[in-house]
Amino acid sequence: MGVFSGLEESLEKCIEGFIKDNSGSKIHPVDIAKKLAREMRDGRRVSVRNIYVPNEYTVHLNKSDWESVSHFSALLSRELQEYLRKKAEERKYTLAGPPVVKFSPDENLAGGKIRLESRFSEAPPDEGSALEEEEMEHTQRYLPVKEIIRAGVVPQVYGRLRVDGGPDKGKTFDLTAVSVILGRRADCDVVLNDSSVSRRHARLDFYRGRFTITDLESTNGTRVNGVRINSKALEPEDVISLGTTTCTLRVE
């Protein structure tokens with residue numbers, strides 16, 4: 001029996017009650033599970049020995065949907081946590097700690113929509129293991145140029161993003177991690193000074209020699225070669241539009 005089959009069987013009674021009480025809702029527990037699996041995959045950090053993935057997840061729902069789910073949220077959380085544990089084991093991922101799934105209302109979300117946030121636990125993957133702690137510190141992640149210079153580190157560059165239009169026109173950003181967040185917020189990996197760009201606008205993932213871009217439910221959307229996308233595998237020289245900013249992807 002597959003992981004999803006087991007999840008569906010375990011949640012059968014909850015799902016039946018949920019659908020019965022909320023016939024107009026588009027939220028389904030198995031849809032949440034699938035989105036959690038993608039979030040876990042997209043948040044992975046690769047070290048020399050392990051592929052680490054976030055272990056703490058917050059599921060944001062429209063207030064009405066959240067109120068419906070809250071009646072069995074404890075059971076649903078436990079089942080989803082077990083699902084993530086099995087999924088990580090199946091894909092040979094290392095969770096940064098015991099999986100935790102929480103639900104939270106978001107009045108800005110439309111009914112039937114799901115928004116996820118994930119994070120790595122502050123605790124090391126294996127308390128008392130200096131090796132594991134050291135590996136977490138040396139996972140492939142983005143380092144600002146000033147930190148690279150200060151540390152004397154020469155990072156691997158997977159590709160470059162050249163800004164062709166918008167307030168940052170002329171800038172080029174080195175893509176030095178397997179997962180890079182693009183947005184207006186100062187803690188993004190690629191910070192764009194464009195008011196039409198969302199705080200966390202999109203994410204670039206590098207896997208097996210190829211980049212994929214995923215829109216992070218931005219206000220103005222993400223476009224590739226003029227076409228609005230949710231997620232899309234990219235080709236070299238594809239034109240990415242975020243708000244009024246346009247960029248060209250160059251792969252090393």
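**View 1. R210 and its partner E235, a pair with some exposure.** R210 counts as partly exposed, because its relative accessibility is 38% (buried means under 20% relative accessible area, exposed over 50%, and partly exposed in between, with a 1.4 Å probe and protein chains only). E235 gets the label partly exposed as well, at 40%. The side chains of E235 and R210 meet in a salt bridge, 2.4 Å from N to O (that is, a side-chain nitrogen of Lys or Arg within 4 Å of a carboxyl oxygen of Asp or Glu). This pair links distant parts of the chain: R210 sits in strand 12, while E235 sits in the loop between strand 15 (231-233) and strand 16, 25 residues apart. Helices (H or I, at least four residues) and strands (E, at least two) are DSSP runs, numbered from the N terminus. Elsewhere, R41, D42, R203 and D205 are joined into one network by salt bridges that share partners.

A word on what you're looking at: this is a predicted model, where local features need pLDDT of at least 70 and side-chain atom pairs count only at pLDDT 80 or more, while totals for chains, interfaces and linings use all residues. Residues are numbered from 1 along each chain as its sequence is written, and side-chain values use heavy atoms, with hydrogens and water left out.

**View 2. Two more salt bridges, K86 with E82 and K171 with D168.** Altogether, the count comes to 16 salt bridges. Why do such pairs turn up? Side chains of opposite charge can pair when their charged atoms come close. K86 and E82 meet at 4.0 Å, N to O. They're four residues apart in helix 5 (residues 73-90), so about one helical turn separates them. K86 is partly exposed at 40% relative accessibility, and E82 is partly exposed at 30%. In the other bridge, K171 and D168 meet at 3.1 Å, N to O. Here K171 is partly exposed at 37%, whereas D168 is buried, at 3%.

**View 3. Y158, F206 and F211 gather in one aromatic cluster.** Two aromatic pairs are counted in this model (rings of Phe, Tyr and Trp, using its six-membered ring, pair if their centres lie within 6.5 Å; planes under 30 degrees apart count as stacked, over 60 as edge-to-face and the rest as tilted). Y158 and F206 have ring centres 4.8 Å apart and planes at 40°, so they're a tilted pair. Y158 is in the loop between helix 7 (145-151) and strand 7, and F206 is in strand 11, so the pair ties together parts 48 residues apart in sequence. Y158 is buried at 8% relative accessibility, and F206 is buried at 17%. F206 also pairs with F211: their centres are 4.8 Å apart and their planes at 55°, so this pair is tilted too.

**View 4. The largest nonpolar core, with 24 residues.** A nonpolar core is a set of buried Ala, Val, Leu, Ile, Met, Phe, Trp, Tyr and Cys residues joined through side-chain atoms within 4.5 Å. The residues with the most contacts inside this core are L161, L175, L204, F211, I213 and L234. Elements giving two or more residues to the core include strand 7 (159-165), strand 12 (210-215) and strand 17 (245-251). Strand 11 gives the most, with three residues. Apart from this core lies another, of 23 residues, among them V69, Y83, Y93 and I114.
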